[in-house]
Amino acid sequence: MERSPSPHNTETQEYNATTPLSSDRAMHYTFRYPTPLKVYTALCVMVLGLICYYAFRSSPWFMIVLYSWMIFISLLYSALSIPRSIEDDGETVVLRRLLWSKRYSRTIYDISEVSGMELTKSYAIVGSAGYFCYSGLFYKSKMGFFNLVATEETGHYLRIQRKGSKRPLYIAYQPALSY
């Protein structure tokens, strides 16, 4: 697979080049969690705690139980669904999360590499725009709706789309430097 020698290649950025991934290459990427993402997550958890505290003070007990379960489930799912790594063995791409994994086979999905885009600056329709990670359904003009999994803006994405489907999944990663 050919890669541009520099991440600041103007041709790649201008045309959002899409390169099919070759099936003979193996790749592993472990997601990094930058400090701003950690700070934003901590602030969200603190604000959510304050909202719960003030909401629970004047609510009946059954509403407190209901709110507690809803908040507990949303916190638990968000924390457990953070991405850990992606692996490409040539046949499948595996997205590993904290407790589960998802496999994308090349026989069912079109998988390609896309570079030169900033997708974390899109509108989050459903999902998280920085709470534990960027994950969910996003919208960007000229691209439409798409799914995103990212922990930082890398400019490089795996584009995974089920054959015949309209909405792709973009997974941010930093390609290994090759010399």
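This passage describes the fold, the sheet and hairpin pairings, the helix packing and the nonpolar cores of a predicted model.

The protein contains 3 helices and 11 strands. Read from the N terminus, these elements follow the order α-β-β-α-α-β-β-β-β-β-β-β-β-β. Of the 179 residues in the protein, 35% are buried. Contacts between residues at least 6 apart in sequence were also examined, and 52% of these join residues at least 24 apart.

Helix 2 spans residues 35-57 and helix 3 spans residues 61-80. Two packed helices are described by the angle between their axes and the distance between the axes. In this pair the axes come within 11 Å and cross at roughly 170 degrees. Angles over 145 degrees count as roughly antiparallel, and helix 2 and helix 3 are therefore roughly antiparallel to each other. On the side of helix 2, the contact is formed by Val45, Leu48, Cys52 and Phe56. These residues meet Ile64, Tyr67, Ser68, Ile71 and Leu75 of helix 3. By character, the residues of this contact comprise 8 nonpolar, 1 polar and no charged.

Strands of a sheet pair through backbone hydrogen bonds, either parallel or antiparallel. One open sheet in the model consists of 4 strands in the order 2-3-4-5, with antiparallel pairing. Strand 2 and strand 5 (101-105) lie at its edges and have a single partner strand each, so one side of each is left without a neighbour in the sheet. On average, and with direction ignored, neighbouring strands of this sheet are turned by 10 degrees against each other. Within the sheet, strand 3 (residues 83-88) is joined to strand 4 by 5 bridges, and the two strands run antiparallel. Proline 83 faces arginine 97 of strand 4 in this arrangement.

Serine 85 also belongs to strand 3. Its relative accessible area is 5%; residues under 20% count as buried, and serine 85 is therefore buried. Beyond residues up to four places away in sequence, serine 85 touches His28, Tyr29, Thr30 and Phe31, together with Val94, Leu95 and Arg96.

A further pairing involves strand 8 (residues 133-140) and strand 9 (144-150). These two strands pair in the antiparallel sense over 7 bridges. Phenylalanine 138 is positioned opposite phenylalanine 146 of strand 9. The strands form a hairpin with 3 residues between them. Lysine 142 is located in this loop between strand 8 and strand 9. Its relative accessible area is 89%, and lysine 142 is accordingly exposed. Most residues other than glycine have a negative phi, and most peptide bonds are trans. Lysine 142, by contrast, has a positive phi near 70 degrees.

Tyrosine 139, in strand 8, has a relative accessibility of 31% and counts as partly exposed. Apart from neighbours within four places in sequence, tyrosine 139 is in contact with Ser122, Tyr123, Ile125, Gly144, Phe145 and Phe146. Tyrosine 139 and lysine 121 are 18 residues apart along the chain, and their C-alpha atoms are separated by 9.5 Å.

Strand 9 is also joined to strand 11, in this case by 3 bridges, and these strands run parallel. Leucine 148 has tyrosine 170 of strand 11 as its bridge partner.

In soluble globular proteins, nonpolar side chains tend to be buried together. The largest nonpolar core of the model has 15 residues. Those with the most contacts inside this core are Ile86, Leu95, Tyr104, Leu158, Ile160 and Ile171. At least two residues of the core are supplied by each of strand 2 (27-30), strand 4 (92-97), strand 6 (109-115), strand 10 (156-162) and strand 11 (169-172). A second, separate core has 10 residues, including Met117, Phe138, Tyr157 and Tyr170.

The surroundings of leucine 95 were examined with its neighbours within four places in sequence left aside. Leucine 95 is in contact with Phe31, Pro83, Ser85 and Ile86, and further with Trp100, Ser101, Lys102, Tyr104, Val149 and Ile171. Among these contact partners, Ile86, Tyr104 and Ile171 are also listed with leucine 95 among the residues with the most contacts inside the largest core.

Notes
Residues numbered from 1 in each chain as written. Predicted model: local features only at pLDDT ≥ 70, side-chain atom pairs only at ≥ 80, totals over all residues. Heavy atoms only, no water. Core = buried A, V, L, I, M, F, W, Y, C linked by side-chain atoms within 4.5 Å. Buried < 20%, exposed > 50% of the residue type's maximum accessible area, 1.4 Å probe, protein only. Contact = heavy atoms within 4.5 Å. Pairing = 2+ DSSP bridges. Axes fitted to C-alpha atoms, helices over the stretch in contact; angles between N-to-C directions. Parallel < 35°, antiparallel > 145°, perpendicular 65-115°, else oblique. Nonpolar A, V, L, I, M, F, W, Y, C, P; charged D, E, K, R; others polar.
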